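Subject: Handing over a structure, with notes

Dear colleague,

I am passing on the structure below, together with some notes on what turned up in it. Please keep it open while you read, since the notes go from one place in it to the next.

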Amino acid sequence: MTLLLIGPPEREQAWQPIFENAGEALIIGEDAVQDPLSITHLACWQPPAELGRYPNLKAVISTGAGVDQMPLLPPGVALTRTLAPGIDAMVRDWVLMATLMLHRDMPRYLEQSARSEWRPHPPRLARAGRVGIMGLGRIGRTAAASLSSLGFDVAGWSRSGRPLENVRVYAHADLSAFLARTDLLICLLPLTDETRGLLNADLFAKLPEGAALIHAGRGAQLDMEAMRHALDAGHLRAAMLDVTEPEPLPQSHWAWTDPRVIITPHVAAQTDATEGAHHALAAIRATRDGSALPGLVDQGRGY
Ligand code: NDP
Ligand code: OXD
């Protein structure tokens, strides 16, 4: 089995010794491929257009947690996403930061601070914050556990409605009830046909007056104009976004200068190169053993 890695130089440097130690074959960059028939695995963020060049390809490994950037793969080629505790922990930390910032009125204090204005607003206990997490997968579950341990009142919503300790899970059909009890809405959903554009005017209208949005899923899930109207109407209080459509957000975009919106440039997480390499090795071993690929994506469902 041979893995072809297409990635930034830091990743290539980190993977080389790990594959050498593991005794697995690694080729870095398409230019180095002498025998395309030898390539069984491809690890990349986005594959090259000509995947037909590798007729023995068994799996494509997304070097991130998401797979929405992947094209339809040829029949018989599996798609996996990188499972890495570091990704889950980093996004959890960003979500904790955003939740605390919005719960404790940080956008307002940043604006006041820019005017040297000393004006207190009543601080709130964590337990007074009704957090609602859309998407209770690896990352949503990790964030939910930490927010619960801080004392927030945490609920979640997922496709299956699978139960989770310390979290009130709403069934997929109960989205309206979930939104009606949510002051701090956190989106950690994968981008699929079902979730594209989900954060829209209808959804915002179902949140209580003065709710806030925290978004680290994918930019195409959010209708920014609908968010702007909800902010202008005072229905939404503030938003913190790590993902936008497009990325980067154009310099002239209104959201950059709106004090109610805080934007970070898709940095909630980055895959740690070592963890990524170990995930890829696990995928190669699973292929060899005929066992289930770690992070196997249901390509029909889109996540
Ligand atoms: P998982 O696949 O582990 O979890 C996805 C969750 O979303 C599951 O709970 C799933 O429900 C739920 N879900 C999927 N579709 C729907 C739907 N139509 N309606 C309701 N719930 C749905 O993913 P991760 O937690 O690992 O990652 C989630 C996303 O976070 C990634 O796809 C990526 O877009 C984003 N991400 C962002 C990063 C950043 O830096 N900003 C970094 C890493 C990831 P069920 O449990 O029923 O299957
Ligand atoms: C990912 C991301 O999907 O960084 O890993 O968004």
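To begin with a single residue: is Arg237 buried, partly exposed or exposed? Arg237 is partly exposed, because its relative accessible area is 26%, and a residue counts as buried under 20% and as exposed over 50%. Please bear in mind throughout that this is a predicted model, and that every value below was computed from it.

**Salt bridges**

Arg237 is also a good way into the salt bridges, since it pairs with Asp105, the closest N and O atoms being 3.5 Å apart. Asp105 sits in the loop between helix 2 (85–103) and helix 3 (106–114), while Arg237 belongs to strand 11 (residues 236–241), so this pair ties together parts of the chain that are 132 residues apart in sequence. Unlike its partly exposed partner, Asp105 is buried, because its relative accessible area is 6%.

The search of the whole structure gives 17 salt bridges, and one of them joins Asp68 to Arg218, with 2.8 Å between the closest N and O atoms. Asp68 is in the loop between strand 4 (59–62) and strand 5 (78–81), and Arg218 is in the loop between strand 10 (211–215) and helix 7 (224–232), so here the parts tied together are 150 residues apart in sequence. With a relative accessible area of 30%, Asp68 is partly exposed, whereas Arg218, at 15%, is buried.

A further salt bridge is formed by Glu194 and Arg159, whose closest N and O atoms are 3.4 Å apart. This pair, too, links distant parts of the chain, for Glu194 lies in the loop between strand 9 (184–187) and helix 6 (201–205) and Arg159 in the loop between strand 7 (153–157) and strand 8 (168–170), 35 residues apart. Arg159 is partly exposed, with a relative accessible area of 42%. There is also a network of salt bridges, in which Glu111, Arg115, Glu117 and Arg119 are linked.

**Two helices that pack together**

Two packed helices are described by the angle between their axes and the distance between the axes. For helix 2 and helix 4 (residues 138–149), the angle is about 50° and the axes are 9 Å apart. Helix 2 is therefore oblique to helix 4, and the crossing of helix 2 and helix 4 is right-handed. If you would like to find the contact on screen, the residues on the helix 2 side include Pro85, Val91, Val95 and Leu96, and those on the helix 4 side include Ile139, Ala143 and Leu147. Taken by kind, the residues of this contact divide into eight nonpolar, three polar and three charged.

**A residue in strand 10**

Ala212 lies in strand 10 and is buried, with a relative accessible area of 0%. Leaving aside residues up to four places away in sequence, Ala212 touches Leu102, Asp183, Leu184, Leu185, Leu236, Arg237 and Ala238, so you will meet Arg237 again among these contacts. By way of contrast, the C-alpha atoms of Ala212 and Leu73, which are 139 residues apart along the chain, are separated by 38 Å.

**Backbone details to look at**

Most residues other than glycine have a negative phi, and most peptide bonds are trans. Which residues have a positive phi although they are not glycine? Asp105 is one of them, with phi near 65°, and Asn166 is another, also with phi near 65°. Asp105 is the buried residue in the loop between helix 2 and helix 3 that was described above, while Asn166 is in the loop between strand 7 and strand 8 and is exposed, with a relative accessible area of 61%.

As for the peptide bonds, the one from Glu245 to Pro246 is cis, with omega near 0°, and a cis peptide bond also joins Glu247 and Pro248, where omega is about -5°. Pro246 lies in the loop between strand 11 and strand 12 (261–263), and Pro248 has its place in the loop between strand 11 and strand 12 as well.

With best wishes

Conventions. Residues are numbered from 1 along each chain as its sequence is written. Chains are lettered from A and ligands numbered from 1 in the order in which they are written. This is a predicted model: local features need pLDDT of at least 70, side-chain atom pairs count only at pLDDT 80 or more; totals for chains, interfaces and linings use all residues. Side-chain values use heavy atoms; hydrogens and water are left out. A salt bridge is a side-chain nitrogen of Lys or Arg within 4 Å of a carboxyl oxygen of Asp or Glu. Helices (H or I, at least four residues) and strands (E, at least two) are DSSP runs, numbered from the N terminus. Buried means under 20% relative accessible area, exposed over 50%, partly exposed in between (1.4 Å probe, protein chains only). Axes are lines fitted to C-alpha atoms, for helices over the stretch in contact, and angles run from 0 to 180 degrees between N-to-C directions. Angles under 35 degrees count as roughly parallel, over 145 as roughly antiparallel, 65 to 115 as roughly perpendicular and the rest as oblique. A crossing is left-handed if the near helix is turned anticlockwise from the far one by less than a right angle, and right-handed if clockwise. Contact means heavy atoms within 4.5 Å. Ala, Val, Leu, Ile, Met, Phe, Trp, Tyr, Cys and Pro count as nonpolar, Asp, Glu, Lys and Arg as charged, and the others, Gly among them, as polar.
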